[in-house]
Amino acid sequence: MYALRALTIEGVRAVERAEGRGSLEPGKYADFMAFDRRNLYEVLADDIGDTKVVRTVFEGCTVHALAI
């Protein structure tokens, strides 16, 4: 749980870009990644490297989609 916060809201706070980023809320940029895991909080540290990014959205536009 702490690692995800560090890479999301805490990450943008650290570089002073939290306004409009870091969480999914109305009025904020839609920057997010979708993974092939149901719940990243339940992935063991040894298994996180096997997680695949299925889609990446930056400022509301898909910039990566895993070919199926």
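**Figure 1. Thr51 and the residues around it.** Thr51 touches Phe35, Asp36, Arg37, Leu40 and Val43, leaving out residues up to four places away in sequence. The view comes from a predicted model. Where does Thr51 sit? Thr51 is found in the loop between β1 (32-35) and β2 (53-58). Is Thr51 buried or exposed? Its relative accessibility is 17%. Buried means under 20%, so Thr51 counts as buried.

**Figure 2. The whole chain.** The chain has 2 helices and 3 strands. Along the sequence, they follow the pattern α-α-β-β-β. The C-alpha atoms fill a box of roughly 30 × 30 × 20 Å, taken along the principal axes. How many of the 68 residues count as buried, as a percentage? The share is 12%. The accessible surface of the chain comes to about 5,700 Å². Carbon and sulfur atoms make up 56% of that surface. Now look at contacts in the chain with a separation of 6 or more. Residues 24 or more positions apart account for 22% of them.

**Figure 3. Charged side chains.** The chain carries 9 positive and 11 negative side chains. How far apart are the centres of the two sets? They lie 4 Å apart.

**Figure 4. The sheet.** The 3 strands form an open sheet. Their order is β1-β2-β3, and the pairing is antiparallel. Which strands stand at the edges? They are β1 and β3. Each has a single partner strand, so one side of each is left without a neighbour in the sheet. Neighbouring strands of this sheet are turned by 20 degrees against each other on average, direction ignored.

**Figure 5. Where β1 meets β2.** β1 and β2 run antiparallel, and 4 bridges join them. Two pairs of residues help to trace the match. Phe32 stands opposite Val57 in β2. Met33 has Thr56 in β2 as its bridge partner. In a regular strand, side chains alternate between the two faces of the sheet.

**Figure 6. Thr56 in strand β2.** Thr56 lies in strand β2. Which residues does Thr56 contact, leaving aside its neighbours within four places in sequence? They are Phe32, Met33, Cys61, Thr62, Val63 and His64. One of these, Met33, is also the bridge partner of Thr56. Is Thr56 buried or exposed? Thr56 has a relative accessibility of 18%. The cut-off for buried is under 20%, so Thr56 counts as buried.

**Figure 7. Where β2 meets β3.** β2 pairs with strand β3 (residues 61-65) in the antiparallel sense. How many bridges does this pairing run over? The pairing runs over 4 bridges. Val57 stands opposite Thr62 in β3. Val57 also faces Phe32, which stands opposite Val57 on the β1 side.

**Figure 8. The hairpin turn and Glu59.** β2 and β3 form a hairpin with 2 residues between them. Glu59 lies in the loop between these strands. What is the phi of Glu59? Phi is near 50 degrees, a positive value in a residue other than glycine. Most residues other than glycine have a negative phi. How open is Glu59 to its surroundings? Glu59 has a relative accessible area of 39%. Partly exposed covers the range between 20% and 50%, so Glu59 counts as partly exposed.

**Figure 9. Ala67, after the last strand of the pattern.** Ala67 lies in the segment after β3. Is Ala67 buried or exposed? Its relative accessibility is 72%. Exposed means over 50%, so Ala67 counts as exposed. Ala67 and Arg13 are 54 residues apart in sequence. How far apart are Ala67 and Arg13 in space? From C-alpha to C-alpha, the distance is 33 Å.

Notes: Residues numbered from 1 in each chain as written. Predicted model: local features only at pLDDT ≥ 70, side-chain atom pairs only at ≥ 80, totals over all residues. Heavy atoms only, no water. Buried < 20%, exposed > 50% of the residue type's maximum accessible area, 1.4 Å probe, protein only. Contact = heavy atoms within 4.5 Å. Pairing = 2+ DSSP bridges. Axes fitted to C-alpha atoms, helices over the stretch in contact; angles between N-to-C directions. Areas by Shrake-Rupley, 256 points an atom, 1.4 Å probe, with all protein chains shown as cover. Lys, Arg positive; Asp, Glu negative; His and termini not counted. Charge placed at Lys NZ, Arg CZ, Asp CG, Glu CD.
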